[in-house]
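Trainee: Hey, got a minute to walk me through this one? I'd like to start with a single contact and work outwards.

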Amino acid sequence: MAAPSLLNWRRVSSFTGPVPRARHGHRAVAIRELMIIFGGGNEGIADELHVYNTATNQWFLPAVRGDIPPGCAAHGFVCDGTRILVFGGMVEYGRYSNELYELQASRWLWKKVKPHPPPSGLPPCPRLGHSFSLYGNKCYLFGGLANESEDSNNNVPRYLNDFYELELQHGSGVVGWSIPVTKGVVPSPRESHTAVIYCKKDSGSPKMYVFGGMCGARLDDLWQLDLETMSWSKPETKGTVPLPRSLHTASVIGNKMYIFGGWVPHKGENTETSPHDCEWRCTSSFSYLNLDTTEWTTLVSDSQEDKKNSRPRPRAGHCAVAIGTRLYFWSGRDGYKKALNSQVCCKDLWYLDTEKPPAPSQVQLIKATTNSFHVKWDEVSTVEGYLLQLSTDLPYQAASSDSSAAPNMQGVRMDPHRQGSNNIVPNSINDTINSTKTEQPATKETSMKNKPDFKALTDSNAILYPSLASNASNHNSHVVDMLRKNEGPHTSANVGVLSSCLDVRTVIPETSVSSTVSSTQTMVTQQTIKTESSSTNGAVVKDETSLTTFSTKSEVDETYALPATKISRVETHATATPFSKETPSNPVAIVKAGERQWCDVGIFKNNTALVSQFYLLPKGKQSISKVGNADVPDYSLLKKQDLVPGTGYRFRVAAINGCGIGPFSKISEFKTCIPGFPGAPSAVRISKNVEGIHLSWEPPTSPSGNILEYSAYLAIRTAQIQDNPSQLVFMRIYCGLKTSCIVTAGQLANAHIDYTSRPAIVFRISAKNEKGYGPATQVRWLQGNNKKAPLN
């Protein structure tokens, strides 16, 4: 974690949609990129449900229905998948609740649930300020504040330290309450405390950690409950314990519990001598507890709170949500103004990246041409951009500072090793293509800055917005993703483009570089699958020489044409890339691994890029600019280099957030096409018939002459695949001039079911002209999650 002075708080200053009114005592949970807020109050208690999409910076009010609960504050609020549970809270002054409601966020449907009472004892009494924590299929309720008086106008507080367990049913509904028998000393009664549950990844039982709270005076004690043995204890801690507080938030990211804000004693007050009489104030102090070592670390102390506008101002009764490795904070009250006799609530939204982002997936190829690649990679949540780099097997020649001509870069080409007319092709050349790692109904095309609409939806979050799933944008016809449903006549495939100009009748030497391919949504109609046409939203490197710093705003530009980070070395791979039989007149030898350089393509806001150039790094000239907390060379000293036909390039990508540039992805390798070869077939369709399936395609958009024949291949089961599942073996099932073929049930019976992502049968189709075979289109025909034979 960064030192306190390096914390990079960001205030969200640009958003759309109906912003909820400021409040305190509300609660929030996260479902994927959504922050869902309910309850709280300022002038009256709020009863509406607000949702903030952190990816699109959009607030919205979902159209909820069913048994809508009354507004409440200081309630319990937990999320289990896509359902949310609400328990208790204040429904009006002096009147508290012990009712339980469930929200199915996939349909925005509320339902009041009635759990069975405990086998012995009473169910929880009405309360507010309790903790309500979820682990597995159980919720754990601890403490809170009850009204001792039956008259709500005569509020007689009673602090609680009772403990309940609520068992949930799978998917929806609850079983009932129970009162576990605990060991050890029980924490003292309290309300407005926090409780989180954490379990070490490698070993250990889940433990609940209770911190702080209020019982007439604020508390700073830490308690631990082992949920397996039901034993309470007070763990010994190291470091500086945060000040006593209540109405703070506690959020777990990784192995750290982050404590922010709350009510704390006023500076200089001695809470030990006069805990009930001292003045209290809000704070913006920020600390975390390492739950593995039980050591406290102060990130923002009370003495650092005077810095205005660089971090959230002091507050209590706010909400905090962890999405990925990012913390979001919204609203809360900033204190009690005695002169005005009113509470002042904040209306600002802040976020903080707590650590560098994880490595993205490997770079995936959408389309290759003679001098460009259209590539993508899987999204990483809560990042502000991606740094894309490439290297090539060419001698490194730095761009000179005198603006001399760029080096003449010509790719190496090799003759493939022929094996007669073998019709079985092992997929040992992984730089052509592997099966896709994910099948998504849509590739994300939404710009946070320019489109206030929802981002294009993946399979999993389409359930949250079923009406929007059909609106996701698609890539061009060279890459198609067709989703197959288990029921009905619909079939589907997932299509990608091979990265090299490969004669698929050739047995290729083995390599160790792998790549993946992206996918997009299609419309499924009757027995055929129709590809929707649309444009892509690829981020293209721009000639913006003035752009040398990364935006600190929540919304960012489409592309950052910033150059490389630091020079680094690439791992050695024994590769033999398939090339045309034609050899260039002036081939260049492959450089040694120690001489290979990584160069920047650019920094992109979205997870897609059209790559036609990269930047060369001048030797000895590394003036520093900043991207977040990361250093990059000065853009003005860099020179651009075009991609070269028939050349292999290695790619890697890293994500960027407020903490800097994260680790790089695994390396992928693709090759630009050689002029004169045909492009990949497009618009692949699959439909069932009485013989098996009907496989059809459209001719390449760039045939580069007359098409002499097409070849279609099917991945088949072999012992080689069992030993190495990533190495597919293909058998040719068609060769001819027609743009369709029948794949018989007998052929499909020998098909390999690829389980690298969702189960699928893999086809490849390529076209041949006078020059030879061009890049092939790979098709993954999704089969559902069972291991039954195809077409079942």
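Mentor: Sure. Start at the side chain of aspartate 353: one of its polar atoms is 2.7 Å from the backbone nitrogen of glycine 658. Keep in mind that this is a predicted model.

Trainee: Okay. Which other side chain does aspartate 353 make a polar contact with?

Mentor: That would be arginine 326. The two side chains make a polar contact at 2.9 Å.

Trainee: And is aspartate 353 buried or exposed?

Mentor: Buried. Its relative accessible area is 3%, and the cut-off for buried is under 20%, so aspartate 353 counts as buried.

Trainee: Which strand is it in?

Mentor: Aspartate 353 sits in strand β31. That strand covers residues 349-353 and pairs with β1 in the antiparallel sense, over 3 bridges.

Trainee: Who stands opposite tryptophan 9 there?

Mentor: Leucine 352, in β31.

Trainee: What's the strand order in the sheet?

Mentor: It goes β1-β31-β28-β27, an open sheet of 4 strands with antiparallel pairing. At the edges you find β1 (9-11) and β27 (319-323), and each of them pairs on one side only. From one strand to the next, the twist averages 25°.

Trainee: What about aspartate 348, where is that?

Mentor: In the loop between β30 (342-345) and β31. Aspartate 348 is buried too, with a relative accessible area of 3%. Have a look at serine 13 as well: aspartate 348 is 335 residues from it in sequence, yet their C-alpha atoms are 8.5 Å apart in space.

Trainee: New topic: pockets. What's the volume of the largest pocket?

Mentor: About 1100 Å³. Its lining has 38 residues, and the ones nearest the centre are Ala28, Val29, Phe77, Ala195 and Ala250.

Trainee: How many of the lining residues are nonpolar, polar and charged?

Mentor: The lining divides into 20 nonpolar, 17 polar and 1 charged.

Trainee: Which strands supply at least two residues each?

Mentor: Several do, including β2 (27-31), β9 (76-80) and β21 (249-253). Strand β27 is on that list as well, and you've already met β27 as an edge strand of the open sheet.

Trainee: Tell me about β2 then. What does it pair with?

Mentor: With β3, residues 34-38, in the antiparallel sense over 5 bridges. One bridge joins alanine 30 to methionine 35 in β3. The two strands form a hairpin with 2 residues between them, and arginine 32 in the turn has a positive phi of about 55°.

Trainee: Why point out a positive phi?

Mentor: Because most residues other than glycine have a negative phi.

Trainee: Where else should I look for one?

Mentor: Try alanine 74, with a positive phi of about 55° although it is not a glycine. Alanine 74 lies in the loop between β8 (65-66) and β9. With a relative accessible area of 16%, alanine 74 is under the 20% cut-off, so it is classed as buried.

Trainee: And leucine 247, how does its phi look?

Mentor: Positive again, about 55°, and leucine 247 is not a glycine either. Leucine 247 is in the loop between β20 (231-233) and β21.

Trainee: Buried or partly exposed?

Mentor: Partly exposed. The relative accessible area of leucine 247 is 26%, and that class runs between 20% and 50%.

How values were computed:
Residues are numbered from 1 along each chain as its sequence is written. This is a predicted model: local features need pLDDT of at least 70, side-chain atom pairs count only at pLDDT 80 or more; totals for chains, interfaces and linings use all residues. Side-chain values use heavy atoms; hydrogens and water are left out. Two strands pair if DSSP finds at least two bridges between them. Axes are lines fitted to C-alpha atoms, for helices over the stretch in contact, and angles run from 0 to 180 degrees between N-to-C directions. Buried means under 20% relative accessible area, exposed over 50%, partly exposed in between (1.4 Å probe, protein chains only). A polar contact is a pair of N or O atoms within 3.5 Å; within protein, one must be able to donate a hydrogen and the other to accept it, and residues adjacent in sequence count only if both atoms are side-chain atoms. On a 1 Å grid over the protein atoms alone, a cavity is a set of points where a 1.4 Å probe fits but cannot get out, and a pocket is an open set with protein on both sides within 12 Å along at least five of seven lines; lining residues have an atom within 4 Å of a point. Grid points are joined across faces, edges and corners, and a volume is the space filled by probe spheres set on the points. Ala, Val, Leu, Ile, Met, Phe, Trp, Tyr, Cys and Pro count as nonpolar, Asp, Glu, Lys and Arg as charged, and the others, Gly among them, as polar.
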